[in-house]
Amino acid sequence: MSNRRRRDLSPEEVHRITSAPEPLADDLARRQRRYLWQMGIRVVCFLAAGLLWAHVPFAVSITLVAAAVVLPYVAVLLANAGRERRVEGDVYMTPRELGAAPRGGGELGGS
């Protein structure tokens, strides 16, 4: 019977929680982790190029050095690509208008 009463009520607009933006702290932490991983890969590329210089073909060492040079630029671009701005048309909450205050002696000191 409880379900029937719920269906008889007028349908209300349902807001999706999944449309809420990611919290700023979580977004910042995610971007910092990604940046640190990319800088770790850069260090590995430099170390591998230096340690393998005499043991692998020249092209492999140059490719590792080139990757180590390009990675900071890419990492900064991805780290700075933070929160996206919402389109102005995306309104998920409709403002409600409050009625006018009642006339006459109100509760705030009218006599």
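**Exercise 1. Decide whether W53 is buried, partly exposed or exposed in this predicted model.**

Solution. Start with the number: W53 has a relative accessibility of 42%. Now bring in the cut-offs: buried means under 20%, exposed means over 50%, and partly exposed is what lies in between. W53 therefore counts as partly exposed.

**Exercise 2. Find the aromatic pairs in the structure and work out their geometry.**

Solution. Begin with the search, which covers the whole structure and turns up one aromatic pair. The partners are W53 and F58, with ring centres 5.6 Å apart. Next, check the angle: the two planes sit at 85 degrees, and anything over 60 counts as edge-to-face. So the W53 and F58 pair is edge-to-face. Finally, look at how open the partners are. W53 is partly exposed, whereas F58 is exposed, with a relative accessible area of 56%.

**Exercise 3. Lay out the secondary structure of the chain.**

Solution. Count the elements: you get three helices and zero strands. Reading along the sequence gives α-α-α. Then take α2, which runs over residues 24–52 and has 29 residues. From first C-alpha to last, α2 reaches 42 Å, close to the 42 Å expected at 1.5 Å a residue.

**Exercise 4. Work out which residues of α2 are buried, and what they pack against.**

Solution. Go through α2 and pick out the buried positions: D27, R31, Q38, M39, C45 and A49. Then ask what lies against them: the buried residues of α2 pack against α3. For scale, 13% of the 111 residues in the chain count as buried.

**Exercise 5. Locate the nonpolar surface patch and say which helix gives the most to it.**

Solution. List the members first: F46, V69, V70, Y73, V74, L77 and L78 make a nonpolar patch of about 630 Å² on the surface. Next, sort them by helix. Helix α3, residues 58–80, gives the most, with six residues. Why can L77 belong to a surface patch? L77 is found in α3, and its relative accessible area is 47%, so it is partly exposed; patch members need over 30%. One handy bit of helix geometry: with 3.6 residues a turn, residues three or four places apart point the same way.

**Exercise 6. Sum up the chain's surface and its contacts.**

Solution. Take the surface first: the chain exposes about 10,400 Å², and carbon and sulfur atoms supply 61% of that. Now the contacts: among those with a separation of 6 or more, 71% are between residues 24 or more positions apart.

Terms used: Residues are numbered from 1 along each chain as its sequence is written. This is a predicted model: local features need pLDDT of at least 70, side-chain atom pairs count only at pLDDT 80 or more; totals for chains, interfaces and linings use all residues. Side-chain values use heavy atoms; hydrogens and water are left out. Patches are made of residues with over 30% relative accessible area and no salt bridge: like charges are joined within 9 Å, nonpolar side chains (Val, Leu, Ile, Met, Phe, Trp, Tyr) within 5 Å. Accessible areas come from the Shrake-Rupley method with a 1.4 Å probe; for residues, only the protein chains shown count as cover. A salt bridge is a side-chain nitrogen of Lys or Arg within 4 Å of a carboxyl oxygen of Asp or Glu. Helices (H or I, at least four residues) and strands (E, at least two) are DSSP runs, numbered from the N terminus. Buried means under 20% relative accessible area, exposed over 50%, partly exposed in between (1.4 Å probe, protein chains only). Rings of Phe, Tyr and Trp (its six-membered ring) pair if their centres lie within 6.5 Å; planes under 30 degrees apart count as stacked, over 60 as edge-to-face and the rest as tilted. The expected span of a helix is 1.5 Å times one less than its number of residues. Contact means heavy atoms within 4.5 Å.
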